[in-house]
Amino acid sequence: PRSRPRRPTRKLPTRPPPPLPPKNHTHTGPQSPSAIIPRVRWTRLLETPRLGLWLALVSVLLCAPSLFGGFQTEDWIFRDLATSTEFTFPNQLNLFGHREQLPKHLMVGMNMFDRERGALPWLVLEGFQVSFWRPLSSLTHLLDFTLWPDAPAVMHAHSLLWYASLVATATALYRRWISPAWVAGLAAVMFAVDDAHGQTVGWIANRNALVAAVFATLGLLFHDKWRRDGWLPGAALGPVFFLAGLLGAELALGALAYVLVHAVTLDTKRLRWLAPLPWLAVAVGWAHFYRDLGHRALGCGIYLDPVFRPLDLLVEGPQRALVLLLGLFGAPPSDFFQTLYPDRIWLLVGGGAVLLVAIVSILWPLLRREPTARFFLGGSIVSLAVATLPMPEDRLLLLPGLGAMGLVALSMHAILSPTALGNGAGGCPRFARGLFPASIALRAAAHPTLSGQQVRMRRPLLCLRSAWSLERDANTSPPSRQLRSVDDATVRRLLGED
């Protein structure tokens with residue numbers, strides 16, 4: 001048979017490959033997050049599984065100068081009480097208050113005696129009564145003053161171990177709440193190097209905040225594993241660790257704020273409104289037992305008592321929360337509240353209000369699309385309600401800072417990857433792109449180790465502010481005759497600031 005001739009194949013024209021861009025070329029068109037972020041080398045460091053261990057070591061090194069701080073203010077009182085015969089285990093295990101409820105006349109007599117012998121300042125009122133129930137934190141001090149009573153460096157090292165545990169637990173929480181992993185690592189880094197933690201770690205008597213924060217964050221970790229992963233032991237372990245945090249300090253109540261906001265924002269399972277009930281039951285039982293033991297804060301303007309003086313909390317609580325917001329997200333530190341006269345506090349309060357409005361308005365696209373961002377902002381703001389009970393200081397911002405640093409990390413993610421929010425226009429306004437990096441650099445430069453500063457206790461100044469604020473207290477005699485006879489020069493001389 002005759003075969004057909006085969007047609008010659010025609011070669012299709014091939015296009016040359018596109019030329020490579022020059023080295024200094026900057027792409028201006030829209031890119032996806034996967035095209036931008038993997039090219040940054042430092043993101044690999046933030047994604048390492050051992051980041052929590054490394055950050056714990058870094059945080060210990062940053063706060064290592066506290067080893068040479070010695071005893072400060074209430075540390076000496078704790079040393080005197082812990083080494084006395086009255087402090088015994090398990091009969092009396094509370095360095096932060098009395099053992100039982102005392103009658104008013106007996107409390108007045110004790111205050112007068114302590115004021116005469118110099119244990120209390122001369123301007124403390126007769127009705128002064130400040131007592132807290134912190135047995136777990138007192139147990140850590142009992143260990144210190146029993147094994148090494150004359151070695152404050154070892155006691156500071158003990159506090160550093162608690163802080164390292166807190167940083168490692170916070171890193172594990174960020175890994176569960178934030179995706180991608182490098183954003184969670186960025187939040188953990190900012191939490192570990194936060195300058196607001198310096199005084200908390202460097203003051204032995206303030207270890208109660210670290211103890212409360214460690215157990216509270218562990219409770220949050222177990223609660224999240226129960227609700228999102230179905231890990232049933234977390235339903236019981238969460239409230240148990242929350243109770244341990246409350247036995248450390250009252251600041252653990254801030255964890256309850258995160259649990260409530262978690263049910264609104266992150267929890268998507270059925271009956272999510274019932275998940276916070278075990279935590280609420282623990283908080284109510286603890287508060288009832290706390291009140292029956294007679295622990296309270298009366299006759300003192302430093303602390304607000306929500307049970308016996310609720311009106312003071314409603315009036316001064318929002319003001320203190322706005323001042324703490326300044327120290328939480330930027331500057332100045334909330335400790336400036338102690339240095340201002342009462343008629344100038346509105347400067348800090350107004351600055352905090354402006355900052356809150358700016359955060360919500362700038363991050364509104366992020367808050368609208370990301371439930372995690374709403375969780376961090378809501379948890380940090382609601383937890384500030386607990387931090388307003390004492391006088392505003394940055395040392396109270398451990399649990400509120402947990403949500404604040406997570407929100408800042410999510411904001412940085414939205415800035416570095418414009419399409420992270422699902423819109424090509426970007427997640428934040430352009431003028432806000434330098435806001436958060438500048439805030440991070442400022443907080444790093446303000447760290448006690450990097451700036452070469454040391455923690456300075458201002459307890460005498462707090463006592464003066466306490467007496468000034470108590471002139472409106474009708475239950476106690478106002479110290480107006482004493483205070484009005486003291487001018488500014490005398491106050492500075494008494495404080496040793498001449």
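Where is P180 found? In this predicted model, P180 sits in the loop between α7 (152-177) and α8. A cis peptide bond joins P180 to S179, with omega at about 5 degrees. From there, this briefing walks through three helix pairs, the enclosed cavities and one further backbone feature.

**Helix α17 against helix α18**

- Helix α17 (residues 371-387) packs on helix α18 (residues 398-416) at an angle of about 150 degrees, and their axes are 8 Å apart.
- The two helices are therefore roughly antiparallel to each other, since an angle over 145 degrees counts as roughly antiparallel.
- The crossing in which α17 passes α18 is left-handed.
- On the α17 side, the contact is made by T372, A373, F376, L377, S380, S383 and L384.
- On the α18 side, the partners are L399, P400, L402, G403, A404, G406, L407 and L410.
- Sorted by class, this contact holds 10 nonpolar and 5 polar residues, with no charged ones.

**Helix α8 against helix α18**

- Helix α8 (residues 181-192) also meets α18: the two axes come within 8 Å and cross at roughly 135 degrees.
- That angle makes α8 oblique to α18.
- Here α8 passes α18 in a right-handed crossing.
- From α8, the residues in contact are W182, V183, L186, A187, M190 and F191.
- From α18, they are L398, G401, L402, M405, G406, V408, A409, L410, M412, H413 and L416.
- The contact of α8 with α18 divides into 14 nonpolar and 3 polar residues, and no charged ones.
- If you are following individual side chains, L402 and L410 of α18 take part in the contact with α17 and also in the contact with α8.

**Helix α14 against helix α17**

- Helix α14 (residues 310-329) crosses α17 at roughly 120 degrees, and the axes of the pair come within 10 Å.
- α14 is therefore oblique to α17.
- The crossing of α14 past α17 is right-handed.
- A321, L324, L325 and L328 of α14 make the contact with S380, L384 and A387 of α17.
- This contact has 6 nonpolar residues, 1 polar residue and no charged residues.
- S380 and L384 of α17 are worth finding on the model: they belong to the contact with α14 and to the contact with α18.

**The largest cavity**

- How many cavities of 30 Å³ or more are there? The count comes to 2.
- The largest cavity contains about 70 Å³ of space.
- Its lining is made of A209, A213, L251, G254, S383, V386, A387, L396, L398, L399 and P400.
- Helices α10 (207-229), α17 and α18 are the elements that each give two or more residues to this lining.
- By class, the lining of the largest cavity is 9 nonpolar and 2 polar, with no charged residues.
- Some of these lining residues may look familiar: S383, L399 and P400 line the largest cavity and are part of the α17 and α18 contact.
- A387 likewise lines the largest cavity and belongs to the α14 and α17 contact.

**The second largest cavity**

- About 40 Å³ of space lies in the second largest cavity.
- Which residues line the second largest cavity? They are W177, L220, H223, D224, Y258, V259, H262 and F375.
- Two elements, α10 and α12 (254-265), give two or more residues to the lining of the second largest cavity.
- The lining of the second largest cavity has 5 nonpolar, 2 polar and 1 charged residues.

**One more backbone feature**

- T73 has a positive phi of about 45 degrees although it is not a glycine.
- To find T73, look in the loop between α3 (51-62) and α4 (74-82).

Technical notes:
Residues are numbered from 1 along each chain as its sequence is written. This is a predicted model: local features need pLDDT of at least 70, side-chain atom pairs count only at pLDDT 80 or more; totals for chains, interfaces and linings use all residues. Side-chain values use heavy atoms; hydrogens and water are left out. Axes are lines fitted to C-alpha atoms, for helices over the stretch in contact, and angles run from 0 to 180 degrees between N-to-C directions. Helices (H or I, at least four residues) and strands (E, at least two) are DSSP runs, numbered from the N terminus. Angles under 35 degrees count as roughly parallel, over 145 as roughly antiparallel, 65 to 115 as roughly perpendicular and the rest as oblique. A crossing is left-handed if the near helix is turned anticlockwise from the far one by less than a right angle, and right-handed if clockwise. Contact means heavy atoms within 4.5 Å. Ala, Val, Leu, Ile, Met, Phe, Trp, Tyr, Cys and Pro count as nonpolar, Asp, Glu, Lys and Arg as charged, and the others, Gly among them, as polar. On a 1 Å grid over the protein atoms alone, a cavity is a set of points where a 1.4 Å probe fits but cannot get out, and a pocket is an open set with protein on both sides within 12 Å along at least five of seven lines; lining residues have an atom within 4 Å of a point. Grid points are joined across faces, edges and corners, and a volume is the space filled by probe spheres set on the points.
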